[in-house]
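Me: I have a new structure open and would like to learn how to read it. Could we go through some features in turn?

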Amino acid sequence: MSQKVRVFSENDIEKVSEIFEGVLDGWSKKSLKDSLDNDSIKSFVLEDNNVVVAFSAYLISDDAELCFIVTDKNYKRKGYGEFLLKETLSDINLDCVLEVRESNFSAIKLYEKIGFKFIGKRNNFYQNPKENALIYKKDV
């Protein structure tokens, strides 16, 4: 297994948009392309044997806000999300906050495993379906 984290590029849009298929509130191809022109967004991909298997994006200001971490459905439950999250958090080296759907137990378990702490809740934050968001934070 040969894993490599690198900066997301225009060449990755097609593959990452495939990874987003079926993801609630996922980014469209246009959103992915627009993110490349936004200096406040840092995005990364994880390759395994030259195949993009996961994507992460952060909104960067005084701290970082995790916008997305998503793994290709064919590569889930193999540690790719955890690896990408740890590597990118280390690279960014800022406190990080995130929102997660209350029903996304696997993501919550991952976030807590790597040190994110629950700090609050936003009622009816998500649409389609309507759902609460749990807010987590990890300090550097």
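Reply: The turns below take up two helices, a residue between them in the discussion, and a pocket. Keep in mind that this is a predicted model.

Me: Let us begin with α1. Which residues of helix α1 are buried?

Reply: Buried means under 20% relative accessible area. In α1, which runs over residues 13–20, the buried residues are Ile13, Val16, Ser17, Ile19 and Phe20. They lie on the same side of α1, because the arc they cover around the axis is only 155°.

Me: What do the buried residues of α1 pack against?

Reply: Their partners are one helix, α2 (29–36), and the strands β2 (41–48), β3 (51–60) and β4 (64–71).

Me: What follows α1?

Reply: Gly22 follows α1, and its phi is positive, near 85°.

Me: Now α3. How does the distance between the end C-alpha atoms of α3 relate to its 13 residues?

Reply: Work out the expected span at 1.5 Å a residue, then compare. For the 13 residues of α3 this should give 18 Å, and the end C-alpha atoms are 18 Å apart, so the two values agree.

Me: Which residues are buried in α3?

Reply: The buried residues of α3 are Tyr80, Gly81, Glu82, Leu84, Leu85, Thr88, Leu89 and Ile92. After α3 comes Asn93, with a positive phi near 55°.

Me: Next, Leu110 in helix α4. Is Leu110 buried or exposed?

Reply: The test is again the cut-off of under 20%. Leu110 has a relative accessible area of 18%, so Leu110 is buried.

Me: Which residues does Leu110 touch, leaving out those up to four places away in sequence?

Reply: Leu110 touches Gly81, Glu82 and Leu85. These three are also among the buried residues of α3. Take Leu85: Leu110 and Leu85 are 25 residues apart in sequence, and their C-alpha atoms are 9.4 Å apart in space.

Me: Last, the largest pocket. How many residues line it, and which lie nearest its centre?

Reply: The lining has 41 residues, and those nearest the centre are Ile69, Val70, Asn104, Ala107 and Tyr111. The space in the largest pocket is about 1300 Å³.

Me: Which elements supply the lining of the largest pocket?

Reply: At least two residues each come from α1, β4, α3 (80–92), β5 (96–101), α4 (105–113) and β6 (117–126). The largest share, seven residues, is that of β4.

Me: What classes of residue make up the lining of the largest pocket?

Reply: The lining has 18 nonpolar, eight polar and 15 charged residues.

How values were computed: Residues numbered from 1 in each chain as written. Predicted model: local features only at pLDDT ≥ 70, side-chain atom pairs only at ≥ 80, totals over all residues. Heavy atoms only, no water. Buried < 20%, exposed > 50% of the residue type's maximum accessible area, 1.4 Å probe, protein only. Helix = DSSP H or I, 4+ residues; strand = E, 2+ residues; numbered from the N terminus. Arc of directions from axis to C-beta. Contact = heavy atoms within 4.5 Å. 1 Å grid on protein atoms, 1.4 Å probe; cavity = no way out; pocket = protein on both sides within 12 Å on 5 of 7 lines; lining within 4 Å. Points joined across faces, edges and corners; volume = space filled by probe spheres on them. Nonpolar A, V, L, I, M, F, W, Y, C, P; charged D, E, K, R; others polar. Expected span 1.5 Å × (residues − 1).
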